[in-house]
Amino acid sequence: MPQHSFKAVYMRGGTSKGVFFLPDWLPVDPVQRERVLLRVIGSPDPYGQQIDGLGGATSSTSKVVLVSRSSRADCDVDYRFGQVAIDRAVIDWSGNCGNLTSAVGLFAISQGLVEAPRDGRATVRIWQANINARIIAHVPMRDGFPEEDGDFTLDGVAFPGAEVELEFLDPSGDGEDGGSMFPSGHPLDTFEVPGVGAVHATLINAGNPAIFIDARTLGLSGNELQQQVNGDTALLARAEAIRAHAAVRMGLAQTAEQATAERPHTPKLCFVSAPSAYVAASGEAIDPASLDLNARIFSMGKLHHAMTGTGAVAIAVAAVIPGTLVHRLVANAAGRQIRFGHPSGTLAVGAEAREQDGTWSVTKAVMSRSARRVMSGEVHVPASLLNN
């Protein structure tokens, strides 16, 4: 039986890669569409390698994106993100990918969804449909085309590119789950986790639902790299137990078991610490004097090789709100960008916040990324997927 082909664009955005589609490139039936997207990436793969698909066997490279014209007057395009599990037939549509957000504007312009100036910077107003949030992407243009080459460097990406500035507007807004910035109403919570004990954490909605804990809660120093964490199955189990119980505390799942099975993408668990020296994955020696804090984040059950984009947004937001674990490390974050260390190097990010009647709100968080098209064409899947 012949294979079926679908138009697709394979893109890097920040430190992630994903397969981008216009919705009308895919089956209309949602069950068939899900089957196709899973097979495009190569999931589920019991070997964990995604050899029979475009996925790269990491959470950073097992992603799909749908972009369409927006019906909203205040946005140009709608953006839906799917985090594809590697070993299970699950696509988690519950959150955003901040890294791939940087590629959405480039994709939208290239597909003719957005008019752009011949030169200068195009402003693309994005509606992030997973979390009901507005994002503004500033895409550099030259001779009528989005710029992809440039001298902007991003730790975790081997080659420089053109800088795309992202503004996450009201990143602590309601989101798809209707929560506030702090689901519990407090910037710091304490809850019991079986096998771990009492956990002190900041539970926050900012970019994505996120959980911040002190590195010492996991018996870590905060300057670990992937190989020091991802081979320790007992440590990963403790981290997932904390994440799953926090998800229940945040009202995102009924039980910890449900959070693990059905919502592996969000909330994200991040551990933070005061700055300390380490050698990044690239071999670069990181000077703690250049940092405000160290931060490490888990993605789909493993330590991320750099930092998720929405994790960076959450760090920026938490840093400017008194009482959070992050603010305790960076008490002077207001009015400036902070720089934190991650396994691949460092990253700067900032947020604007204001207090009114004792309540804090964040108007926007800003960070820069680069993006480029890696491949445009057709992706093939067995025709039998559409016959069942």
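Here is a working chat about a predicted model, covering its pocket, its cavities, one buried residue and two strand pairings.

Trainee: Pocket first. How much space lies in the largest one?

Mentor: About 580 Å³. The lining has 25 residues, and nearest the centre are Ile86, Ser299, Met300, Gly301 and Lys302.

Trainee: Which elements give two or more residues to that lining?

Mentor: Strand 4 (77-84), helix 4 (233-249) and strand 17 (302-303). Helix 4 gives the most, with 3 residues.

Trainee: And how does the lining split by class?

Mentor: You get 12 polar, 8 nonpolar and 5 charged residues.

Trainee: OK, on to cavities. How many are there of 30 Å³ or more?

Mentor: The count comes to 4. The largest has a volume of about 70 Å³. It is lined by 16 residues, with Lys63, Cys97, His265, Lys268 and Thr308 the closest to its centre.

Trainee: Which helices supply at least two residues of that lining?

Mentor: Helix 2 (98-110) and helix 6 (309-319) each do. By class, the lining of this largest cavity has 13 polar, 2 charged and 1 nonpolar.

Trainee: What about the second largest cavity, what's its volume and what lines it?

Mentor: The volume is about 50 Å³. Its lining is Leu236, Ala239, Glu240, Arg243, Leu269, Phe298 and Gly301. Helix 4 gives the most here, with 4 residues. The class split is 4 nonpolar, 1 polar and 2 charged.

Trainee: Gly301 rings a bell.

Mentor: Right, Gly301 is on the list for this second cavity, and Gly301 is also among the residues nearest the centre of the largest pocket.

Trainee: Changing topic: Asn294. Is it buried or exposed, and why?

Mentor: Asn294 counts as buried because its relative accessibility is 0%, and the cut-off for buried is under 20%. Asn294 lies in strand 16 (residues 293-299).

Trainee: What does the Asn294 side chain have a polar contact with?

Mentor: The side chain of Ser276, at 3.1 Å. Leaving out residues up to four places away in sequence, Asn294 also touches others, including Gly222, Asn223, Phe271, Tyr278 and Gly341.

Trainee: Last one, strand 1. Which strands do bridges join it to?

Mentor: Strand 1 (residues 3-13) runs antiparallel to strand 21 (residues 371-382), with 11 bridges joining them. Ser5, for instance, has His380 as its bridge partner in strand 21. Strand 1 is also joined to strand 2 (residues 16-21), again antiparallel, by 5 bridges. There, Val9 stands opposite Phe20.

Trainee: What does Gly14 do in the hairpin of strand 1 and strand 2?

Mentor: Gly14 takes a positive phi near 60°, in a hairpin with 2 residues between the strands.

Conventions: Residues numbered from 1 in each chain as written. Predicted model: local features only at pLDDT ≥ 70, side-chain atom pairs only at ≥ 80, totals over all residues. Heavy atoms only, no water. Pairing = 2+ DSSP bridges. 1 Å grid on protein atoms, 1.4 Å probe; cavity = no way out; pocket = protein on both sides within 12 Å on 5 of 7 lines; lining within 4 Å. Points joined across faces, edges and corners; volume = space filled by probe spheres on them. Nonpolar A, V, L, I, M, F, W, Y, C, P; charged D, E, K, R; others polar. Buried < 20%, exposed > 50% of the residue type's maximum accessible area, 1.4 Å probe, protein only. Polar contact = N/O pair within 3.5 Å; in protein donor to acceptor, adjacent residues only side chain to side chain. Contact = heavy atoms within 4.5 Å.
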